[in-house]
Amino acid sequence: MLASDTSVTIYYGPLSWFEEELGDQDCDYLLDIVGERDEARRRIHHVVDGREQGEPEEPFLPPERLVAVSSDYASVQEHAITNFTGLIRDIDPGHLLLHNPPAHIHAQLDRVFTTKVERFSYPTVSRDTLVKFRDGFAAHLVGQNSVRERMLAALYPLTTKRRSTPVVLMFYGPSGVGKTETAQFVNGLLGGELLRKQFSMFHSDKFASYLFGGTHTEASFARDLLDRSSGVILIDEFDKANTVFHSAFYEVFDAGVFEDKNYRVQLGPALIICTSNYGSEEDIRHALGDALYSRFDALIPFEPLSKGEIKEVINRIVDSRVQKLEPDELASIDPESIKELLRERASGNGNVRKLGKLIDEVISINLVRALLAK
Ligand SMILES: Nc1ncnc2c1ncn2[C@@H]1O[C@H](COP(=O)(O)OP(=O)(O)OP(=O)(O)O)[C@@H](O)[C@H]1O
Ligand SMILES: [Mg+2]
């Protein structure tokens, strides 16, 4: 193949960052150019058929900067992806800037052009993050003190330069006691929009192509990983994924590399948090098998809330709901008696999500009674 003087830069990271990198210089988009050319080809075809007379076509000028973003590859036809370099040589841009392209496009370009790679630097855990985690934990979560300590120890390796692979954690315990909330709290400290995948949302056939890669037009975990801006990767409800999918996680948990049919992602020292409702380490080991179980850096149990903690949660939730009421609404209810009533009704229910709904309902009942009694 002949070398071309097109220079190629490949960017791996979130779209917002890529757009910043592009700056405000003019650029052409691959999809528009491909569309224009397809259209022109159709017109020529008609003229040749003699059914329509068109103006003579103007030759295309090579664009100076040609851009494609992560979601564009799905709109390009498969043959253009298979012979991507052919397409690019045909268009002959001065500079090609690609955002999160599939791995085989990257490989093809490497063979023909001089390519440069830019990677987004993801937020990392620092001493400051640990301090904020330690000091802010109690404001987010009632109880779970051992989670706080275990998390600090688990996060520590990410503060060192030695660490080049992800820290992978399994949060387990009953529903509604703060697992997802803790993951969101850490992510909030690091910044970036949390990449959160709920594995219960996928049906088996869709899930296989999501994890292992399907056609390049289908959603994929690898592409979501590439597009993410967060330092935390949250895999919610890990226990709901069928065991046939477990092997997909070996390499990413071990080495921080995730590969599917179309994409390759290097995660580096990221934080991967999986959540589940397993009851004990033994349950986890049994359900996931030794190979996967042993790949977690730490398994962190979340405890059911004690009576005292439930009381504290009720106080916090009622206070925060009451703060949002209008003055006339506030005048018609007594928060203290609502708290009292809830304490009786909520005994034994340590699911804070359910507790929140119960509190909303009790407040609404009181408000509506007051309204109708007027
Ligand atoms: N210990 C806690 N203290 C204060 N609020 C809590 C606590 N645990 C949970 N919550 C609140 O309850 C709601 C549900 O919590 P969360 O989503 O973290 O539950 P979870 O443990 O992930 O449950 P599941 O296993 O069902 O996913 C959130 O709004 C969260 O803020
Ligand atoms: Mg959860």
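## Strands S6 and S11

In this predicted model, strand S6 (residues 167-172) and strand S11 (residues 271-276) run parallel and are joined by six bridges. If you would like one pair to look at, Met 170 has Cys 274 in S11 as its bridge partner.

Both strands belong to an open sheet of five strands, with parallel pairing and the order S7-S8-S11-S6-S12. At its edges sit strand S7 (195-198) and strand S12 (298-301), each of which pairs on one side only. From one strand to the next, the twist averages 20°.

## Helices across the sheet

Two helices are worth a look here. Helix H7 (residues 145-155) lies across S6 and S12, and its direction is at about 165° to S12. Helix H8 lies across S6, S11 and strand S8 (232-236), running at about 165° to S8.

## Around ligand 1

H8 turns up again at the ligand: it supplies three residues of the shell around ligand 1, the largest share. Helix H8 (179-190) and helix H17 (352-372) each provide at least two shell residues.

Which residues come nearest to ligand 1? Of the 17 around it, they are Ser 175, Gly 178, Thr 180, Glu 181 and Val 352. Sorted by class, the shell holds eight polar, six nonpolar and three charged residues.

## Domains

The domain assignment divides the protein chain into domain 1 (7-119), domain 2 (127-301) and domain 3 (307-372). Domain 2 and domain 3 each contribute at least three residues to the shell around ligand 1. As for domain 1, its C-alpha centre lies 58 Å from that of domain 3.

Key. Residues are numbered from 1 along each chain as its sequence is written. Chains are lettered from A and ligands numbered from 1 in the order in which they are written. This is a predicted model: local features need pLDDT of at least 70, side-chain atom pairs count only at pLDDT 80 or more; totals for chains, interfaces and linings use all residues. A residue is near a molecule or strand if its C-beta atom, placed from the backbone, lies within 6 Å of it. Helices (H or I, at least four residues) and strands (E, at least two) are DSSP runs, numbered from the N terminus. Ala, Val, Leu, Ile, Met, Phe, Trp, Tyr, Cys and Pro count as nonpolar, Asp, Glu, Lys and Arg as charged, and the others, Gly among them, as polar. Domain bounds come from an automatic or database domain assignment. Two strands pair if DSSP finds at least two bridges between them. Axes are lines fitted to C-alpha atoms, for helices over the stretch in contact, and angles run from 0 to 180 degrees between N-to-C directions. Two residues are in contact if their C-beta atoms, placed from the backbone, lie within 7 Å.
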